[in-house]
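Please look over the sequence and the structure shown here before reading on. The report that follows takes up one site at a time and then turns to the fold as a whole.

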Amino acid sequence: MTTLSFAQTLVVWQEQRGRMDLPWQRFRTPYERWLSEVMLQQTQVETVIPYYERFLKTFPTVESLAAAQEDAVMKLWAGLGYYSRGRNLHRAAKMVVNDLKGLFPDTAAGLAELPGVGPSTAAAVAAFTSGEAREPMIDGNVKRVLARIHAVPGRVGEKAFEKLLEAAARRELPGSDIIAPYTQGLMDLGSLVCRRKAPNCPACPVQRFCRAHAEGTPEVYPQPKTARPKTERWLVLVFASTAEGLWFAPVEGRIWKGLQAPIVLERKEADWLKRPELPQGFREPVALGESRVHELTHQRLHLRALFCRNADAFALRSAGLHPAGLHPERWPGLPAPVLEYAEELIKRQSV
Ligand code: SF4
């Protein structure tokens with residue numbers, strides 16, 4: 001009887017128990033797989049699915065994406081977070097169309113030259129579209145699985161840990177005949193069985209390969225990252241309305257760049273609750289709702305909002321804003337916490 005290797009065992013399991021009906025699994029073509037892999041960076045599958053489908057419907061080809069305006073791309077991205085991904089996606093599409101005659105590179109090394117495509121995303125796209133088995137895909141789930149299989153000591157992000165993990169991932173790489181289901185199998189195992197908390201070892205197809213299981217303490221691998229203190233930012237959102245509804249402008253700053261928002265004033269903590277100086281024409285600001293805290297990966301945003309009813313349209317235009325009506329469906333590019341305030345305004349019918 002032949003004994004199956006780790007990769008072969010995982011592939012058999014993936015084909016019987018893994019996920020087979022994700023929307024991007026219908027494709028073996030690089031545009032659709034690149035789009036899904038970029039969206040899946042640091043984002044759960046369930047969150048990505050509706051964004052992916054909307055995106056593909058609006059931009060069915062790399063040419064249509066490259067020809068779009070950046071704000072149309074960012075409007076569709078709004079709510080998915082990590083907005084630099086959306087901007088890089090657009091830049092990469094332009095690069096493929098303008099510099100590569102519309103053809104995606106067919107190797108991980110070539111794909112990694114595109115903006116926003118790191119080695120892991122490149123390896124996944126190459127595995128799924130051209131069966132290249134030269135580079136391993138190592139996302140967060142895969143790190144956890146392989147750290148447990150090989151009992152890799154240390155924390156994610158530490159040099160020694162990352163080096164050992166990469167060496168283990170390279171050792172396990174199968175041939176190109178099964179690289180696609182193997183890569184999918186690692187992802188599926190990490191999300192369905194070898195979860196961060198309470199891994200389901202009794203149901204695990206690769207239990208016999210797993211050193212952490214043999215040690216009896218799988219959850220200690222990998223050790224959690226040491227939390228970096230977040231940067232605290234103190235922001236005031238200034239909403240303004242006229243007979244034409246609420247007014248917004250494209251955001252220039254780093255956090256929501258490319259999205260739409262009212263005026264965003266950055267304040268010192270000590271001044272955050274004081275009435276800020278407003279551009280001319282922003283009349284009689286009143287506080288709107290409660291202050292909120294919005295957590296990003298490396299930043300904590302403290303938000304409060306002011307509302308100026310019957311602002312001066314001329315002044316608003318001079319401040320770079322444009323009218324966007326009163327209906328949330330006309331505001332697809334608002335970041336989530338801004339949208340919550342805007343909806344509160346409409347609910348209270350104070351506009
Ligand atoms: Fe993860 Fe347990 Fe499977 Fe090891 S045996 S890979 S810890 S689920």
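## The surroundings of H150

Once its neighbours within four places in sequence are set aside, H150 is in contact with A168, R171, E172 and R211. With one of these residues, E172, the contact includes a polar one, since the side chains of H150 and E172 are joined by a polar contact of 2.8 Å. The model is a predicted one, and these values are computed from it.

H150 is found in the loop between α9, which covers residues 140-149, and α10, which covers 159-172. Is this loop residue buried or exposed? H150 has a relative accessible area of 17%, and because the cut-off for a buried residue is under 20%, H150 counts as buried.

## Backbone features in the loops

Two residues other than glycine, Y82 and K101, have a positive phi. For Y82 the angle is near 45°, and the residue lies in the loop between α5 (70-77) and α6 (84-99). For K101 the angle is near 55°, and its place is in the loop between α6 and α7 (108-111). As for accessibility, Y82 counts as partly exposed at 36%, whereas K101 is exposed, with a relative accessible area of 77%.

Another backbone feature is found at P222, where the peptide bond from Y221 to P222 is cis, with omega near -20°. P222 is placed in the loop between α12 (211-215) and β1 (231-242).

## Nonpolar cores

The largest nonpolar core has 61 residues, and those with the most contacts inside this core are W34, M39, F55, L65, F239 and W256. Of these, F55 can serve as an example: leaving aside its neighbours within four places in sequence, F55 is in contact with L35, M39, L65, V73, L76, W77 and L89. Apart from this core lies another, of 36 residues, which includes A124, L146, A169 and Y182.

## Helix α14 and what covers it

Helix α14 runs over residues 336-347 and has 12 residues, and from its first C-alpha to its last it reaches 16 Å, close to the 16 Å expected at 1.5 Å a residue. Its buried residues are P337, V338, Y341, A342, E344 and L345. Why can these residues be said to line one face of the helix? Seen down the axis of α14, the buried residues fall within an arc of 155°, so they line one face. In general, an α-helix has 3.6 residues a turn, so residues three or four places apart point the same way.

The cover over the buried residues of α14 includes several strands, namely β1, β2 (245-250), β3 (260-261), β5 (286-295) and β6 (299-308).

## Cysteines

How many disulfides does the structure hold? The structure holds zero disulfides. Two residues of interest here are C201, which counts as buried at 14% relative accessibility, and C308, which counts as buried at 0%.

## The protein as a whole

The secondary structure of the protein comes to 14 helices and seven strands, and its C-alpha atoms fill a box of roughly 80 × 50 × 35 Å, taken along the principal axes. Of the 351 residues in the protein, 51% are buried. Among the contacts with a separation of 6 or more, residues 24 or more positions apart account for 68%.

Terms used
Residues numbered from 1 in each chain as written. Predicted model: local features only at pLDDT ≥ 70, side-chain atom pairs only at ≥ 80, totals over all residues. Heavy atoms only, no water. Helix = DSSP H or I, 4+ residues; strand = E, 2+ residues; numbered from the N terminus. Buried < 20%, exposed > 50% of the residue type's maximum accessible area, 1.4 Å probe, protein only. Polar contact = N/O pair within 3.5 Å; in protein donor to acceptor, adjacent residues only side chain to side chain. Contact = heavy atoms within 4.5 Å. Core = buried A, V, L, I, M, F, W, Y, C linked by side-chain atoms within 4.5 Å. Disulfide = S-S within 2.5 Å. Expected span 1.5 Å × (residues − 1). Arc of directions from axis to C-beta.
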